[in-house]
Amino acid sequence: MAWERGKERLQKALSGFLEMPKDVLMDYPKLTMIGNVQLVLENHRGIIEYSEEKMRIMVTGGQIEIVGEKLILKTILPEELVVEGHIKQVRFDI
């Protein structure tokens, strides 16, 4: 536990010192949305739940829940996924 906190503090300090984006060094999820019809998520850790109304996706330190209608998983790659449909809500549980 203490080691994890120390590691996180070191990563934050390094990202500031090296001027690197936090999503790269700290493995934070990076979300990009196009309106409410497409969501691109980088740095995911896998899908927990999948339906046309709700998706729960594991990320470092928690999960992201996407709620909508006619949701489809358009693309899934080891580090990136694309969700399309009528996105109504995105919730972080981190």
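Here is a short conversation about the sheet, the salt bridges and a surface patch in this predicted model.

Reader: Happy to start with the overall layout! In what order do the six strands of the open sheet stand?

Author: Good place to begin. The pairing in this open sheet is antiparallel, and neighbouring strands are turned by 40° against each other on average, direction ignored. Strand 1 and strand 3 are the edge strands, each pairing on one side only. Read across the sheet, the order is 1-2-6-5-4-3.

Reader: Which residue in the turn of the hairpin formed by strand 1 and strand 2 has a positive phi?

Author: Strand 1 and strand 2 pair in the antiparallel sense over five bridges, and T32 has V40 as its bridge partner in strand 2. Three residues lie between the two strands of this hairpin. The one in the turn with a positive phi, of about 55°, is G35.

Reader: Is strand 2 largely enclosed by the rest of the structure or largely open?

Author: Strand 2 covers residues 38-42. Besides its hairpin with strand 1, strand 2 is joined to strand 6 by five bridges, with L39 standing opposite V83 in strand 6. Four of the five residues of strand 2 are buried, so the strand is largely enclosed.

Reader: Now for the charges. How many salt bridges does a search of the whole structure find?

Author: Side chains of opposite charge can pair when their charged atoms come close. One of the pairs here is R45 with D27, and another is K88 with E69. The search of the whole structure finds six.

Reader: How far apart are the closest N and O atoms of R45 and D27?

Author: R45 sits in strand 3 (residues 44-50), while D27 is in the loop between helix 2 (22-25) and strand 1 (30-34), 18 residues apart. R45 has a relative accessible area of 34% and D27 has 26%, so each falls in the partly exposed range between 20% and 50%. The closest N and O atoms in this salt bridge are 2.1 Å apart.

Reader: Which residue is linked with D27 and R45 in a network of salt bridges?

Author: The salt bridge between R45 and D27 does not stand alone, as these two residues belong to a network. The residue that completes this network is E79.

Reader: In the salt bridge between E65 and R91, is E65 buried or exposed?

Author: E65 lies in strand 5 (residues 62-76) and R91 in strand 6 (residues 80-93), so the pair ties together parts that are 26 residues apart in sequence. Their closest N and O atoms are 2.2 Å apart. R91 is partly exposed at 43%. E65 has a relative accessible area of 12%, which means that this residue is buried.

Reader: Which residue in strand 6 is the bridge partner of E69?

Author: Strand 5 and strand 6 run antiparallel and are joined by eleven bridges. The side chain of E69 meets K88 in a salt bridge of 2.7 Å, N to O, and K88 is exposed at 53%. In the strand pairing, though, the bridge partner of E69 is H86.

Reader: One last thing, for the surface. What is the area of the nonpolar patch made by I47, Y50, I72 and I76?

Author: Strand 3 and strand 5 are the elements that give two or more residues to this patch. Y50 is found in strand 3 and is partly exposed, with a relative accessible area of 44%. The patch comes to about 350 Å².

Key:
Residues numbered from 1 in each chain as written. Predicted model: local features only at pLDDT ≥ 70, side-chain atom pairs only at ≥ 80, totals over all residues. Heavy atoms only, no water. Salt bridge = Lys/Arg side-chain N within 4 Å of Asp/Glu carboxyl O. Buried < 20%, exposed > 50% of the residue type's maximum accessible area, 1.4 Å probe, protein only. Patch = residues over 30% accessible without salt bridge, like charges linked within 9 Å, V, L, I, M, F, W, Y side chains within 5 Å. Areas by Shrake-Rupley, 256 points an atom, 1.4 Å probe, with all protein chains shown as cover. Pairing = 2+ DSSP bridges. Axes fitted to C-alpha atoms, helices over the stretch in contact; angles between N-to-C directions.
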